[in-house]
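Please open the model in your viewer and keep the sequence panel visible beside it. The tour below proceeds by selection, one region at a time.

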Amino acid sequence: KFSDPKQRAKAFAKVNRFYTGRKVIAVSQGVKNNLVEVIGLKAGEIRAIYNPYERAPFLAMADEPAALPEGDYLINVGTYEPRKRHDRLLRAYKASGVSTPLMLLGKGKGDQEARLRALIDELGLPERVILPGYQTNPYPFIRHAKALVLSSDSEGLPRALIEALMLGTPVISVDCPSGPREILRGTLAPFLVAREDETALAGAIAAMDAAPITVTEEHYRPFLKETVLPQFEALE
């Protein structure tokens, strides 16, 4: 909606009306930067504190029974909507040349799923792309995937990336505003690619498919409640 100048101006004015002069917490450094540098918010104070996560419930849900595919697969989790850029993902996936199937876990409104299926056919990928439909519990699918790929035009702080890491699944992402740059650190940094660079995304998919990164606690520790809650408790 921010591509429409009138809606953009209305949304920015609303943010400024509610938060000017106040103490503000942003869910990521990227959101904080956007509020200050793009919207021009003049808050009394603004800081970034991540949403806190507890890992155990996700592990428990990932252990529940599910109709998983046989063998390896890559996964993308998200609503079938333009912002998620499944078109970018599918083109990059095809260009990667990998034989590992790609699962698109989600659902779409109206004719969005029909458009997605048409694009899959157009790219010659119906035998390699899995559309299991909406799943109330996506975590078994994420945990058993070879890697999770995010291709969105924009996010706040993408939960799918954090939850995948807590389940031990490595991630690939475009460097969209905002969040992925703050999540893909250390050994995952090479798998953060420019948002519009489909060639780089294809290369990242191929590299991860050939040699998946081993996820350690270091990758998701910044988002655990043990790390985050003391930051909230220290607020004045």
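Two strands are said to pair if DSSP finds at least two bridges between them. With that in mind, note that this is a predicted model, and begin with a pair of residues: select Asn-76 and Leu-104, and Asn-76 will be seen opposite Leu-104 in strand 4.

**The sheet**

Next, colour the strands. The view shows an open sheet of 6 strands in the order 5-4-3-6-7-8, with parallel pairing. Its edge strands are strand 5 and strand 8 (192-193), each of which pairs on one side only.

Select strand 3 (residues 74-77) together with strand 4; the two are joined in the parallel sense over 4 bridges. To follow the chain between them, add helix 4 (residues 86-96): the path leaves strand 3, passes through this helix and arrives at strand 4 as a right-handed β-α-β crossover. Leu-74 is a useful landmark here, since two partners can be displayed around this residue. In strand 4, Leu-74 stands opposite Leu-102, and in strand 6 its bridge partner is Ala-147. Strand 3 and strand 6 themselves pair in the parallel sense over 2 bridges.

Now show the side chains of strand 4 (residues 102-105). Are its faces covered or open? Both are covered: Leu-102 and Leu-104 are buried on one side, and Met-103 and Leu-105 are buried on the other.

Move from strand 4 to strand 5 (residues 129-130), where 2 bridges hold a parallel pairing. Met-103 can be selected with Ile-130 of strand 5, which it faces across this pairing. Adding helix 5 (residues 112-122) completes a right-handed β-α-β unit with strand 4 and strand 5.

Turn to the other end of the sheet and select strand 7 (residues 171-174) with strand 8; they run parallel and are joined by 2 bridges. Within this pair, Ser-173 stands opposite Leu-192. Then display helix 9 (residues 198-210), which lies across strand 3, strand 6, strand 7 and strand 8 and runs at about 175 degrees to strand 7.

**A pair of strands earlier in the sequence**

Select strand 1 (residues 23-26) and strand 2 (residues 45-48). These run parallel, with 4 bridges between them. Val-24 is placed opposite Ile-46 of strand 2. Include helix 2 (residues 29-38) to see a right-handed β-α-β unit formed with strand 1 and strand 2.

**Two packed helices**

The packing of two helices is described by the angle between their axes and the distance between those axes. Select helix 3 (residues 55-62) and helix 7 (residues 159-166): their axes are 10 Å apart and meet at an angle of about 80 degrees. Because angles of 65 to 115 degrees count as roughly perpendicular, helix 3 is described as roughly perpendicular to helix 7. Which residues make the contact? Helix 3 contributes Arg-55, Phe-58 and Leu-59, while helix 7 contributes Arg-159, Glu-163 and Met-166. Sorted by class, this contact has 3 nonpolar, no polar and 3 charged residues.

**Individual residues in loops**

Most residues other than glycine have a negative phi, and most peptide bonds are trans. Two places are worth selecting with that in mind. Arg-85, in the loop between strand 3 and helix 4, has a positive phi near 50 degrees. Its relative accessibility is 16%, so Arg-85 counts as buried, the limit being under 20%. The second place is the bond between Pro-177 and Ser-178, which is cis, with omega about -5 degrees. Ser-178 belongs to the loop between strand 7 and helix 8 (180-183).

Continue to Ser-99, in the loop between helix 4 and strand 4. Is this residue buried or exposed? Ser-99 is exposed, because its relative accessible area of 64% is over 50%. Select Ala-206 as well: Ser-99 and Ala-206 are 107 residues apart in sequence, yet their C-alpha atoms are 9.6 Å apart in space.

End at His-144, in the loop between helix 6 (139-143) and strand 6 (147-150). With a relative accessibility of 46%, His-144 counts as partly exposed. Leaving aside residues up to four places away in sequence, His-144 touches Leu-68 and Tyr-73. For a final distance, select His-219: from His-144 it is 75 residues away in sequence and 18 Å away in space, C-alpha to C-alpha.

Definitions and conventions. Residues are numbered from 1 along each chain as its sequence is written. This is a predicted model: local features need pLDDT of at least 70, side-chain atom pairs count only at pLDDT 80 or more; totals for chains, interfaces and linings use all residues. Side-chain values use heavy atoms; hydrogens and water are left out. Buried means under 20% relative accessible area, exposed over 50%, partly exposed in between (1.4 Å probe, protein chains only). A crossover is right-handed if, with the strands pointing away from the viewer, the path from the first strand over the helix to the second runs clockwise. Axes are lines fitted to C-alpha atoms, for helices over the stretch in contact, and angles run from 0 to 180 degrees between N-to-C directions. Angles under 35 degrees count as roughly parallel, over 145 as roughly antiparallel, 65 to 115 as roughly perpendicular and the rest as oblique. Contact means heavy atoms within 4.5 Å. Ala, Val, Leu, Ile, Met, Phe, Trp, Tyr, Cys and Pro count as nonpolar, Asp, Glu, Lys and Arg as charged, and the others, Gly among them, as polar.
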